[in-house]
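Please look through the model shown below, chain by chain, before reading on. The paragraphs that follow move from single residues to one chain and then to the contacts between chains.

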Number of protein chains: 6
Amino acid sequence: MIYLTRRERFSSAHRMFRQGLSDEENMKIYGKCSNPQWHGHNYVLKVTVKGEVDTVTGYFMNATRLRDILQEKVIVKLDHKNMNLETDFMAGKVATTENLAMAIWQELEDALAKEGAILHCVRVEETENNYVEYYG
Amino acid sequence: MIYLTRRERFSSAHRMFRQGLSDEENMKIYGKCSNPQWHGHNYVLKVTVKGEVDTVTGYFMNATRLRDILQEKVIVKLDHKNMNLETDFMAGKVATTENLAMAIWQELEDALAKEGAILHCVRVEETENNYVEYYG
Amino acid sequence: MIYLTRRERFSSAHRMFRQGLSDEENMKIYGKCSNPQWHGHNYVLKVTVKGEVDTVTGYFMNATRLRDILQEKVIVKLDHKNMNLETDFMAGKVATTENLAMAIWQELEDALAKEGAILHCVRVEETENNYVEYYG
Amino acid sequence: MIYLTRRERFSSAHRMFRQGLSDEENMKIYGKCSNPQWHGHNYVLKVTVKGEVDTVTGYFMNATRLRDILQEKVIVKLDHKNMNLETDFMAGKVATTENLAMAIWQELEDALAKEGAILHCVRVEETENNYVEYYG
Amino acid sequence: MIYLTRRERFSSAHRMFRQGLSDEENMKIYGKCSNPQWHGHNYVLKVTVKGEVDTVTGYFMNATRLRDILQEKVIVKLDHKNMNLETDFMAGKVATTENLAMAIWQELEDALAKEGAILHCVRVEETENNYVEYYG
Amino acid sequence: MIYLTRRERFSSAHRMFRQGLSDEENMKIYGKCSNPQWHGHNYVLKVTVKGEVDTVTGYFMNATRLRDILQEKVIVKLDHKNMNLETDFMAGKVATTENLAMAIWQELEDALAKEGAILHCVRVEETENNYVEYYG
């Protein structure tokens, strides 16, 4: 088994809040991350897939193909978007990095399996000091 | 003369658009950066000041004091904010990195002069691939 | 299960040596890292905790709370300190990165468990070329 | 068990292609990475070893010794070389990052075992956006 | 005046040597960088342009337009190429970072002037430890 | 004129204090940086030299030669040392980054001139958030 990781980036607006709670209640839970006027980040996404190397080609999945799938399934839906309002796979969810990583996993798992790659890890970095990893 | 640089970070939502133009016209000029639903970035701010080193203390301005001024004058007004809607010194301006760098210069110049430091450069990095520098 | 990592930094002086050995003997084992006059590093600490995401809040532990615990339990005891002479949890230990990572684990495990977070990994980076990971 | 990682760098020329195929056929499979005139990268190698910490010395393997083994067994054979033409352990292999990581594992496993260190992971980063990990 | 910098990357093979000298003589001057079998790097290019901000648009040159010019004039001629053999603007020159930076300046100056931007600096980073800057 | 920059690193212990003042008085001026038990940093040094490119060799100074001079004149005197107690060119000076940058300039200027290179800038980075530049 070998593990291949591709790094992509997206810049999104978001806000952490729970529907049904007032802005004040959300501020108590999420602090400044709940600002009703939004804020945003340069997110870094690292997706790791695993597979057996084909001895003829020397890989199990072309890194360019991995990049294209990440772009099509994830990045175009998040980059220069408001993830609360515009990203279909985040609809109705609190826009935490944790929920984002799990939602990205759902978007990618089957598409990668069709390429013969097993999704191993979705890592989402929100700032240089915080990141989340999900292994399914 | 010696030059001292302090690096700070802030995460903001913004949108590039000109008042008086339609969303379509703004999209023609600014592309996806004009998304009416906002997007955001982890901005990096690097402020360089210059001065003559005091031979007794070994510096002309304490880096901690520089940090405090940047925090008070700039970062609290931008971090986890929507710079178009909430940052006083960006009111009525197109929220380009260029305008942001020049506005930050205005906020800092006098406050730094009172400390005996000459503002030399304001650098604002919007992504790992783009940044702007202003020297007054 | 989801994994959350927080990055913190501290700047410490240290020296690697074993009590009971002469400076010459320590230099044979630890080389320049055993300099009796001390040297120091900008250490990077990355602490990873794991837990089940609460579907209501969208996380299992607030990253700000994680930061506060790291600051209180670890960073204040190491930053701008001499870890051999001033850091209680390093007393009597050789100040290797390995021992440092294991000692930090001891300081954090219970405090994090009280927050409902399982400590997964303590990573200590001494330079850009060397780091150590401890998983308990 | 504790994990120690050492980072090294090497700058190599390479080309991905399969012997027996024409340049055109190789370009179909590997794209621009198959350019017959070569291209190159600043590779980053991260090798992780594991072991039980010796309570007397505070480590299980000196990081300097790990560096020396990586230099002797791997870096001198790749740095400022053409890995297709000059690196013995890549002879006859497609020069993918995957094959490179597995070949480096073979070069290192026994040499590290002689030092009492168990090889845990070989990570090869080809660009800032792509890397491969091999765990044996 | 405001300064805008765009960062791009390219991966090239090269070799430093002077025509008319033997491989041995070239190795004396350029060391391992003169390896006749080639080596390569992930180069980083940072191009800085300057201009007066248009008060209506908030910039003097769109960063996307700057990126497109760098791609068209420079990156496509260097990325995944052998700069000695395939890059027209390096023909007949020793492939030092210094010559590369000066040649890139020549390629860009007029194209940028047509956009109303004054080329200020071409910076080429060969490794994380070496870079060259040219100001015309 | 072209500008060549070389990056080197050193790990030192230091303390900021003025002789003749008590520890308490020094703490008032320099804060935690004045800890009498020392602390330390991974410093990054970037030295920029300038010159006219020799059209025959393609450079004005070999980057390897620049590295060797930095190592011999500066790095060996600072790396894994206590700069207050062991670095000759810091004797009697407050160990600020400002004084360090100016002292390094003195150490390098003549040695570089003998190589035909004009020293342009000494940059010393103390942490990822603070650095100082000196231009003579």
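Does E:Thr48 count as buried or exposed? In this predicted model, E:Thr48 has a relative accessibility of 8% and therefore counts as buried, the cut-off for that class being under 20% relative accessible area. The residue sits in strand E2 of chain E, which covers residues 39–51. When neighbours within four places in sequence are set aside, the contacts of E:Thr48 are with E:Tyr3, E:Leu4 and E:Thr5, and also with E:Ile118, E:Leu119, E:His120 and E:Cys121.

A second residue, in another chain, can be read in the same way. C:Val94 belongs to the loop that runs between helix H3 (83–86) and helix H4 (97–113) of chain C. With a relative accessible area of 7%, C:Val94 is buried, because the class takes in values under 20%. Residues up to four places away in sequence left out, C:Val94 touches C:Met16, C:Phe17, C:Arg18, C:Tyr30 and C:Asn99 of its own chain, as well as D:Val56 and D:Thr57 of chain D. One of these partners, C:Phe17, is 77 residues away from C:Val94 in sequence, yet the two C-alpha atoms are 6.0 Å apart in space.

Chain A gives a view of the fold as a whole. Its secondary structure consists of four helices and five strands, and from the N terminus on these elements follow the order β-α-β-α-β-α-α-β-β. The C-alpha trace of chain A spans about 60 × 25 × 25 Å along its principal axes, and of the 136 residues in the chain, 60% are buried. If one takes the contacts in chain A between residues at least 6 apart in sequence, 67% of them join residues at least 24 apart.

We turn next to the interface of chain A and chain B. Each chain brings residues to this contact, 24 from chain A and 24 from chain B, and the area buried between them is about 1900 Å², with carbon and sulfur atoms giving 44% of it. On the side of chain A, the residues that lose the most area to chain B are A:Gln37, A:Asn42 and A:His80, which together account for 30% of what that side buries. Six salt bridges are found across this interface; A:Glu128 forms a salt bridge with B:Arg9, in which the closest N and O atoms are 3.3 Å apart. There are also 21 residue pairs in polar contact between chain A and chain B, counting pairs with both residues at pLDDT 80 or more. Of the elements of chain A, strand E1 (2–14), strand E2 (39–51), strand E3 (81–82), helix H3 (83–86) and strand E4 (118–127) each supply at least two residues to the side that touches chain B, and the largest share, five residues, comes from E1(A). By class, this side of chain A has four nonpolar, twelve polar and eight charged residues.

How are the two partners placed relative to each other? Chain A is superposed on chain B by a rotation of 180 degrees with 0.0 Å of shift along the axis, at an RMSD of 0.0 Å, and the two copies are therefore related as by a two-fold rotation axis. The same surface serves both copies, since 100% of the contact residues of chain A recur in chain B.

The pair of chain E and chain F can be followed along the same path. Here the contact takes 17 residues from chain E and 16 residues from chain F, and the two chains bury about 1500 Å² between them, 49% of it on carbon and sulfur atoms. In chain E, the residues losing the most area to chain F are E:Glu98, E:Asn129 and E:Tyr131, together 37% of what that side buries. One salt bridge is found across this interface: E:Glu128 pairs with F:Arg7, the closest N and O atoms being 3.9 Å apart. Helix H1 (23–30), helix H4 (97–113) and strand E5 (130–134) of chain E each supply at least two residues of the side that touches chain F, and E5(E) gives the most, with five residues. This side of chain E has nine nonpolar, four polar and four charged residues.

A turn of 120 degrees with a shift of 0.0 Å along the axis lays chain E on chain F with an RMSD of 0.0 Å, so these two copies are related as by a three-fold rotation axis. In chain E, the C-alpha nearest that axis is the one of E:Glu128, 8.9 Å from it.

Methods:
Residues numbered from 1 in each chain as written. Chains lettered and ligands numbered in written order. Predicted model: local features only at pLDDT ≥ 70, side-chain atom pairs only at ≥ 80, totals over all residues. Heavy atoms only, no water. Contact = heavy atoms within 4.5 Å. Buried area = accessible area lost by both parts, 1.4 Å probe. Salt bridge = Lys/Arg side-chain N within 4 Å of Asp/Glu carboxyl O. Polar contact = N/O pair within 3.5 Å; in protein donor to acceptor, adjacent residues only side chain to side chain. Nonpolar A, V, L, I, M, F, W, Y, C, P; charged D, E, K, R; others polar. Least-squares fit on C-alpha atoms with pLDDT ≥ 70 in both. Buried < 20%, exposed > 50% of the residue type's maximum accessible area, 1.4 Å probe, protein only.
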